[in-house]
Amino acid sequence: MKFKPNKMEKIIVLAFVLSATLINAQAFKGKGDTKGQVGANFQDGANGIYVSADFGLGENMSFGFSSNYLLSSNKIAGLKPKFEDRIDVKARFNANLGNVFKLNPKMDIYPGLDLGLRNFGGHLGFRYFFTNGFGVFSEAGIPIAKYKTDVSGFDYYNNQFVFNIGMSFNL
């Protein structure tokens, strides 16, 4: 006798398989956890690419690096920004608070501080993991102390409120 599953049995099996893959999804696991993020950077007068990596130090702490490169930008005083005006690199420290607020393990809220080539600032981010290896993130950042190094005015691009959104990965 040959077994032929009906529509309801297929749905139940599919739901079981999907739920099994989502059970292990965790946004921040603590010491030894490594996250990578790639996304889009949005700010006044420019948009670009954002990349970051975070390394777990303890149950609720991580450090890492981030960088953004502005792909499109408005001219300032009739000039287009050069490569060095478009890029910023930062070291970052996060307080991963998802478990402190008793959020679903797939979610993490992480306020943090950045020390970069252009400024000292802060950020507030949120991650949600669909599976053990893949999720989404959003992050907002502000400068706290600005470095005035560019007389042409291009420092403006790296010293303002920014919003990043994209994909997050377990590495």
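## Overall architecture

Of the 171 residues in the chain, 38% are buried. The structure described here is a predicted model. Its chain contains 2 helices and 8 strands. Read from the N terminus, these elements follow the order α-β-β-β-α-β-β-β-β-β.

Contacts between residues at least 6 apart in sequence were also considered, and 55% of them join residues at least 24 apart. The accessible surface of the chain amounts to about 9,800 Å², of which carbon and sulfur atoms supply 71%.

## Thr 34 in strand β1

Strand β1 covers residues 34–43 and includes Thr 34. The relative accessibility of Thr 34 is 17%; because buried means under 20% relative accessible area, this residue counts as buried.

When neighbours within four places in sequence are set aside, the contacts of Thr 34 are Asp 54, Phe 55, Phe 169, Asn 170 and Leu 171. Strand β2 spans residues 46–56, and strand β8 spans residues 162–170.

## Asn 164 in strand β8

Asn 164 belongs to strand β8, which comprises residues 162–170. With a relative accessibility of 3%, Asn 164 is classed as buried. Its side chain is joined to that of Asn 41 by a polar contact of 3.0 Å.

Asn 41 also appears among the contacts of Asn 164 once neighbours within four places in sequence are left aside. The other residues in that set are Ala 40, Tyr 50, Phe 137, Ser 138 and Glu 139.

## A nonpolar surface patch

On the surface, a nonpolar patch is formed by Val 38, Ile 49, Val 51, Leu 71, Phe 130, Phe 134, Val 136 and Met 167. Together these residues have about 620 Å² of accessible area. Two or more residues of the patch come from each of β2 (46–56) and β7 (134–146).

Val 51, one of the patch residues, is located in strand β2. The relative accessible area of Val 51 is 40%. Val 51 is therefore partly exposed, since that class lies between the 20% limit for buried residues and the 50% limit for exposed ones.

## Summary of the residues examined

Two of the residues described, Thr 34 at 17% and Asn 164 at 3%, count as buried, whereas Val 51 is partly exposed at 40%. Thr 34 is placed in β1, Val 51 in β2 and Asn 164 in β8.

Technical notes:
Residues numbered from 1 in each chain as written. Predicted model: local features only at pLDDT ≥ 70, side-chain atom pairs only at ≥ 80, totals over all residues. Heavy atoms only, no water. Helix = DSSP H or I, 4+ residues; strand = E, 2+ residues; numbered from the N terminus. Buried < 20%, exposed > 50% of the residue type's maximum accessible area, 1.4 Å probe, protein only. Contact = heavy atoms within 4.5 Å. Patch = residues over 30% accessible without salt bridge, like charges linked within 9 Å, V, L, I, M, F, W, Y side chains within 5 Å. Areas by Shrake-Rupley, 256 points an atom, 1.4 Å probe, with all protein chains shown as cover. Salt bridge = Lys/Arg side-chain N within 4 Å of Asp/Glu carboxyl O. Polar contact = N/O pair within 3.5 Å; in protein donor to acceptor, adjacent residues only side chain to side chain.
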